[in-house]
Amino acid sequence: MARSLSAVLLLCVLAMPVQAQLVLNGSASYQRLSQDIYIGGLYLSQASDDVVFVRSAATAKRMRLVVAAKRWSPRRWQQMWQNNISINNENVSQSAQVARGIQQLTELLREDLLQGDELTIDYQPAVGTRIYLNQQLAIRSSGTELFNFLVNTWIGPLPPSRDFRDRMLGKVKDDLSQRQRQMLAEHKIPSARLGLYKGWVEQELQQQQAAQAAEEAARRKAEQAKREEAERRARILAERKAKEEAERQARLEAERLAQQEAERQRAAEAARLAALEAERAKQQAVDPAEQQRYLAAVLQWRMQNALNAEVAYPAWARQFEQEGLVEVSLTLRRNGDIIEVMAAENGAHKLLISEVQRALQVVASKVEVPEALDGDSWTLPLRYRFLLDDATPLPNPEPKAPEGANMESAGGNDSVSLDAYRQQLISRVRDNIRYPKAAQILKKTGRVSYQLVIAADGQLISSTALQSAAHRELNQAVTSAIDAALPLAPLPAGSDQLVVQIEHEFRL
């Protein structure tokens with residue numbers, strides 16, 4: 001099987017780009033921090049400044065990138081393509097083949113590109129899109145969609161610059177343009193770099209073969225261990241039966257002694273608690289500083305619960321398999337205004353940080369600040385973990401009130417319990433909300449808001465629509481999620497009724 005895989009991979013590597021009769025439509029230099037990263041050339045079947053013609057599936061076309069920087073690292077390569085693709089293409093591709101092609105391109109490099117290396121993205125109507133690194137085929141995709149996703153990074157709504165876009169469309173013809181055209185016409189890939197991609201493929205093949213050999217050796221070793229374990233079990237079976245009665249008697253004796261020890265410990269614990277209760281009764285007031293720390297912890301707990309309920313995984317971040325922990329410092333006024341949101345520099349992707357910042361803007365004004373908490377503004381550390389295969393928020397335990405605290409002055413113990421009940425109900429409903437597949441395909445979006453009134457025994461008194469989406473199936477998805485969350489547990493002691501607002505935005 002390894003030899004077959006090797007033959008297929010080498011066939012792909014050795015394939016040369018089709019030399020269609022194309023003309024250089026325009027060229028430009030892609031720069032970062034005033035440094036040339038690559039010289040790009042757009043080739044068409046005929047010169048044109050019409051974007052519709054460039055994207056047409058009926059015309060052959062080619063993007064050619066010649067590396068001008070001394071080194072171009074895989075991390076910079078991935079960041080450039082991911083950012084430029086996402087900002088110049090409104091939607092994620094519905095084609096699994098195209099999505100795979102984008103991922104393969106962003107993760108193409110195994111090591112730095114060097115000056116003189118060349119990437120060619122070629123489209124032929126009868127063949128589809130092919131991507132070559134130093135004239136070796138690396139990626140293929142049928143149709144023109146993959147090519148258009150990539151050419152939009154040059155001529156889309158947010159190209160590197162307006163001048164870059166105009167030059168690619170042939171609207172600028174000056175001395176610089178002429179020098180770039182001549183450079184592209186005369187460029188030759190260094191001979192030592194022609195086998196670059198082939199070397200990567202062969203190295204990965206060797207690693208795969210080594211892994212398969214190790215897996216086979218491990219399997220044989222496991223089988224041998226299994227046989228030895230079976231023999232060992234057979235040897236000790238007779239001994240085990242002889243010891244069972246003695247072990248049973250020993251267990252009974254141990255349980256009797258453990259019960260006596262547990263009773264002794266319970267008596268000692270009861271005496272200790274009685275002494276603590278007597279000491280607590282002597283205390284006249286709780287330390288004010290401890291009370292303020294508790295109230296600040298309550299505010300942070302409420303804000304974290306609200307953030308967990310609002311955050312949604314960004315589509316492009318999921319497309320690029322971006323994961324990570326986003327940690328922010330939120331400075332909040334008593335009236336709900338946000339003074340500042342500072343994100344920790346821990347390597348989290350910008351798409352994930354932006355989603356957390358958006359969610360905070362939505363929930364900040366909705367979180368209740370304890371009335372007894374001193375001050376007009378507070379800085380709260382918050383976090384959210386994005387995992388592709390796990391939607392469970394990080395643990396957020398409810399703060400424990402200080403012993404002897406006057407909970408009514410702190411906002412009431414019942415209000416904290418009601419907050420927990422409210423957040424659990426909101427999370428329970430949102431976990432049941434499913435974006436209708438047909439609505440996703442038709443790109444239907446909208447915000448839905450319902451107000452629920454819960455009786456003391458957990459019965460749903462009423463469910464009122466505060467805001468409905470323009471599409472019936474989106475409203476139905478929320479009402480179905482509410483029904484799925486029933487029945488509900490009784491409210492915390494002392495609570496006669498609870499009003500809960502459920503909000504959900506369906507967005508692509």
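A compact globule of 508 residues would have a radius of gyration near 23 Å, whereas this protein has 33 Å. The structure discussed here is a predicted model, and every value below was computed from it. Along the principal axes, the C-alpha trace spans about 95 × 75 × 45 Å.

## The protein as a whole

The secondary structure consists of 14 helices and 14 strands. Of the 508 residues, 39% count as buried. The accessible surface comes to about 28,700 Å², and carbon and sulfur atoms account for 50% of that area. When contacts between residues at least 6 apart in sequence are considered, 75% of them join residues at least 24 apart. The protein carries 64 positive and 63 negative charges, and the mean positions of these two groups are 7 Å apart.

## Strand 6 and its partners

Strand 6 covers residues 118–124, and 7 of its 7 residues are buried, so this strand is largely enclosed by the rest of the structure. In a regular strand, the side chains alternate between the two faces of the sheet. Both faces of strand 6 are covered. On one side lie Glu118, Thr120, Asp122 and Gln124, and on the other lie Leu119, Ile121 and Tyr123; all of these residues are buried.

Two neighbouring strands pair with strand 6, as the table sets out.

| Partner of strand 6 | Residues of partner | Sense | Bridges |
|---|---|---|---|
| Strand 3 | 61–67 | antiparallel | 6 bridges |
| Strand 7 | 128–133 | antiparallel | 6 bridges |

Individual residues can be followed across these pairings. Thr120 of strand 6 is the bridge partner of Arg64, while Thr129 in strand 7 is the bridge partner of Tyr123. Thr120 and Tyr123 are both buried, on opposite sides of strand 6. Strand 6 and strand 7 also form a hairpin, with 3 residues between them.

## Arg318 in helix 10

A second site of interest is Arg318, which is placed in helix 10, spanning residues 315–319. Is this residue buried, partly exposed or exposed? The limits for the middle class are 20% and 50% relative accessible area. Arg318 has a relative accessibility of 41% and therefore counts as partly exposed.

Leaving aside residues up to four places away in sequence, Arg318 touches Tyr313 and Leu388. Arg318 can also be located relative to Ala126: these two residues are 192 residues apart along the chain, and their C-alpha atoms are separated by 32 Å.

Methods
Residues numbered from 1 in each chain as written. Predicted model: local features only at pLDDT ≥ 70, side-chain atom pairs only at ≥ 80, totals over all residues. Heavy atoms only, no water. Helix = DSSP H or I, 4+ residues; strand = E, 2+ residues; numbered from the N terminus. Rg over C-alpha atoms; globule rule 2.2 N^0.38 Å. Buried < 20%, exposed > 50% of the residue type's maximum accessible area, 1.4 Å probe, protein only. Contact = heavy atoms within 4.5 Å. Areas by Shrake-Rupley, 256 points an atom, 1.4 Å probe, with all protein chains shown as cover. Lys, Arg positive; Asp, Glu negative; His and termini not counted. Charge placed at Lys NZ, Arg CZ, Asp CG, Glu CD. Pairing = 2+ DSSP bridges.
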